[in-house]
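Visitor: I am new to this structure and would like to know how its terms are decided. Could you show it to me and take me through it?

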Amino acid sequence: MSSVKILELYKDYGALEVIHGVSFDIEHGEFVILVGPSGCGKSTLLRMIAGLESISDGKILIDDRVINNVAPKDRDIAMVFQNYALYPQMTVEKNMGFGLKLKGLPKAQISAKIAQAAEILDLKPLLDRKPGQLSGGQRQRVAMGRAMVRDPKVFLFDEPLSNLDAKLRVAMRAEIKALHHRLGSTIIYVTHDQVEAMTMADRIVVMQGGHIEQIGAPLELYDNPDNMFVAGFLGSPS
Ligand code: ADP
Ligand code: MG
């Protein structure tokens with residue numbers, strides 16, 4: 001059984017075809033990175049998996065269940081956005097618990113989940129602050145905490161580090177890898193940063209113009225790119 005299965009997926013916005021026949025399988029616990037140039041459809045694909053964008057054709061399955069018509073909140077998927085998408089008027093604690101409150105979870109259970117995530121992500125001293133009183137890295141950790149408290153089967157990250165400076169980006173890569181190691185969840189992570197892809201992924205999906213050019217482990221793609229595009233994109237000398 002795959003964790004996530006994408007079957008012949010298509011997306012068009014009117015006459016504009018953005019995703020053309022994308023298929024791939026992700027194993028449980030795999031860290032898969034989608035890379036490709038700006039506009040190639042990475043965010044659209046993630047948003048379709050999250051249920052934030054309708055599907056023109058094809059299927060998405062989580063644990064062998066077709067989720068095309070399942071509401072986003074019932075998909076067992078949590079997404080972390082590039083711009084964090086935190087509520088500015090709410091404290092860190094409220095930001096982390098909001099989704100669970102909407103789901104109707106009892107207060108004590110919400111508090112316990114927040115405490116656990118805050119411990120893991122080193123957010124305990126920040127729970128009473130508002131997003132405006134946090135650094136970029138701290139905001140990103142809150143966004144990750146908000147995803148974590150939902151115990152999702154699958155985490156989706158859309159360029160989570162691109163608003164951070166270079167030094168912090170390197171530190172956060174390690175944090176995300178450590179988190180993945182600890183939780184063992186499936187992660188689909190979008191970036192246009194080749195170094196991020198090469199250093200973090202179990203497998204890389206290289207996209208261009210709404211389709212997949214190649215899928216493979218980082219070194220596989222580096223050593224044996226199928227074509228010039230993959231070779232050029234991952235910086236292999238061949
Ligand atoms: P990426 O994340 O790889 O940079 P996107 O998935 O954001 O790419 O966008 C893929 C293509 O779809 C782009 O050409 C973009 O302009 C187009 N697109 C994205 N969202 C919409 C929308 N809501 N309406 C029309 N076109 C869109
Ligand atoms: Mg994008």
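Guide: Gladly! Around ligand 1 sit Tyr13, Leu16, Val18, Gly36, Ser38, Gly39, Cys40, Gly41, Lys42, Ser43 and Thr44. This is a predicted model, in which local features need pLDDT of at least 70 and side-chain atom pairs pLDDT 80 or more, while totals for chains, interfaces and linings use all residues. Residues are numbered from 1 along each chain as its sequence is written, and chains are lettered from A and ligands numbered from 1 in the order in which they are written.

Visitor: What makes a residue near a molecule?

Guide: Its C-beta atom, placed from the backbone, must lie within 6 Å of the molecule.

Visitor: Which elements give two or more residues to the shell around ligand 1?

Guide: They are β2 (16–26) and α1 (42–50), and α1 has the largest share, three residues. Such names come from DSSP runs, numbered from the N terminus: helices (H or I) have at least four residues, strands (E) at least two.

Visitor: How do you know that β1 and β4 pair?

Guide: Pairing takes at least two bridges found by DSSP between two strands. Strand β1 (residues 4–13) and strand β4 (residues 57–62) have five, in the antiparallel sense, so they pair. Leucine 7 stands opposite lysine 59 in β4.

Visitor: Why are β2 and β5 called edge strands?

Guide: The open sheet runs β2-β1-β4-β5, and β2 and β5 (65–66) each pair on one side only.
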